[in-house]
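Visitor: I am new to reading protein structures, and I would like to learn how to go from a picture to careful statements about it. Could we take a few features in turn?

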Amino acid sequence: MGALPSGLLQGERRAVARAISRIEHGAAGSHDLVAALAPHLGRAHVIGVTGPPGAGKSTLVNALLGALLARGERIGVVAVDPSSPLSGGAVLGDRVRMGEHGAHPDVFIRSLASRGHLGGLSPAARTVVDVFDAAGFGTVLVETVGTGQSEVEIMSVADTRIVVSPPGLGDEVQALKAGILEIADLLVVNKADLPGADATARHLAEMLHLRAPHAAGAWTVPVLRVSATRGEGVATLVDRLRAHGAAVGHGRRLQVARDAAAQAGGPAALAMRLAAADPFVRATGISCTHAGAGSAEVRLTLRGEHLNFSGTCHGGVLFTLADTAFGLASNSYGAVAAGIDAHITYQEAAHEGQTVIARAHEVSRNRRLAVYRVDVVRDDGRPISSFTGTVYIKSRQHEPAAPT
Ligand SMILES: Nc1nc2c(ncn2[C@@H]2O[C@H](COP(=O)(O)OP(=O)(O)OP(=O)(O)O)[C@@H](O)[C@H]2O)c(=O)[nH]1
Ligand SMILES: [Mg+2]
């Protein structure tokens, strides 16, 4: 079997089911699956539905399924069940609540246990979203109970986030105040057939108004009254969901992941990898303690083998230390940089047992040449050496990191 079950990209249900169960069981090959999905992502509109327990999230999802099916869509649903330690506990409950459309051939519902982190998004949930996306489902709905953890996670997975609140100004609205409001792209006051919905909607609108303007600026968060059981307000909700999806684009979770990868693979990581890959650095006992674009810090605790015949730190060791910081700082941009000149001065001696620290920073840089200064100090802060060096910047790039 290939990394992708055959028929998955064509949206065949059996292939979708097989892919999801591989993820759930963490089966061998699920890593390959995740990688194989990657080129097929970013089309689905991923909609997160969160809010306090009993707000009517599942009922609303069911109502949305009806409206979206009527528009000819195929929809995937991920329901994260906070209560059950085992996937399967309240699955039946969700199936029943969403059951009206759950059996439709264009709907695929999967409940997942939240695996311990209370109310949060199951780690598998994100990958199940990917499976639906690759399988060509136009919309993916993700239901989670609103707790601190899931808010943050749903924010990174969904393109559009609905926060559902029942009528009433009690604990639920207090919970909304406690931060969940911040992540809403749309606020839904559900159970609008019950008394108090208008007052709750007004209250929420006031809270939105008081809150600092959204950084994104362009989108104004609407407060919508819906009766999920009666289907009232659902068509308007779908229109606003689509408007938001069109405004922000699809695939936010992929951008979030790319940003994280860029962080992880940034200049610091590159310099750390270069240091770790340098046998001479390792043999000398030098450790790299900081690296950034154009800067680096390395240290060495002096042992007997680092001393000269006078019993103080060998000049060659200090040069090596300074030169290592110089090399890491100058190579940290990604392009290979070769030293073409270096000059060192010695001010004070360093002794066995002391830690010697070399800090490199960039003095100047153009397209081809860069100059660095390295200050070498003892752990008591005394300057013992200073170093300047020039590199020639090649057009060749360092090899990207192999994924670990
Ligand atoms: N009157 C009224 N009741 C509703 C409405 N929507 C949901 N309910 C009821 O509210 C209760 C909870 O609904 P669910 O959809 O299970 O709520 P939920 O937010 O998914 O709940 P959890 O998943 O347990 O957090 C059920 O008894 C629903 O029938 C509505 O629009 N009007
Ligand atoms: Mg529910």
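Visitor: Which polar atom lies 3.4 Å from the backbone nitrogen of Gly304?

Guide: Please keep in mind that this is a predicted model. A polar contact is a pair of N or O atoms within 3.5 Å, and here the partner of the backbone nitrogen of Gly304 is a polar atom of the side chain of Glu352, at 3.4 Å.

Visitor: Where does Glu352 sit along the chain, and with which residues is Glu352 in contact, leaving aside its neighbours within four places in sequence?

Guide: Glu352 is placed in the loop between β10 (335–346) and β11 (355–365), and, once those neighbours are set aside, its contacts are Leu302, Arg303, Gly304 and Leu307. Distance along the chain and distance in space are separate things to read: Glu352 and Glu305 are 47 residues apart along the chain, with their C-alpha atoms separated by 9.2 Å.

Visitor: How should I read the surroundings of ligand 1, and which residues are closest?

Guide: Begin with the list of neighbours, then look at single atom pairs. Ligand 1 is surrounded by 17 residues, the closest being Lys57, Ser58, Thr59, Asp193 and Ala228, and the shell consists of five nonpolar, seven polar and five charged residues. An oxygen atom of ligand 1 lies 2.7 Å from an N or O atom in the side chain of Lys57, whereas a nitrogen atom of the ligand is 3.1 Å from an N or O atom in the side chain of Thr229. Of the 650 Å² of accessible area that ligand 1 has on its own, the protein covers 72%.

Visitor: Which helix gives the largest share of that shell, and how does this helix pack against α10?

Guide: The largest share, three residues, comes from helix α3 (residues 57–70). The axes of α3 and helix α10 (residues 234–248) are 10 Å apart, at an angle of about 80°, which means that the two helices are roughly perpendicular. Among the residues making the contact are Leu60 and Leu64 of α3 and Leu237 and Arg242 of α10, and by class the contact has nine nonpolar, no polar and one charged residues.

Key
Residues are numbered from 1 along each chain as its sequence is written. Chains are lettered from A and ligands numbered from 1 in the order in which they are written. This is a predicted model: local features need pLDDT of at least 70, side-chain atom pairs count only at pLDDT 80 or more; totals for chains, interfaces and linings use all residues. Side-chain values use heavy atoms; hydrogens and water are left out. A residue is near a molecule or strand if one of its heavy atoms lies within 4 Å of it. A polar contact is a pair of N or O atoms within 3.5 Å; within protein, one must be able to donate a hydrogen and the other to accept it, and residues adjacent in sequence count only if both atoms are side-chain atoms. Accessible areas come from the Shrake-Rupley method with a 1.4 Å probe; for residues, only the protein chains shown count as cover. Ala, Val, Leu, Ile, Met, Phe, Trp, Tyr, Cys and Pro count as nonpolar, Asp, Glu, Lys and Arg as charged, and the others, Gly among them, as polar. Axes are lines fitted to C-alpha atoms, for helices over the stretch in contact, and angles run from 0 to 180 degrees between N-to-C directions. Angles under 35 degrees count as roughly parallel, over 145 as roughly antiparallel, 65 to 115 as roughly perpendicular and the rest as oblique. Contact means heavy atoms within 4.5 Å.
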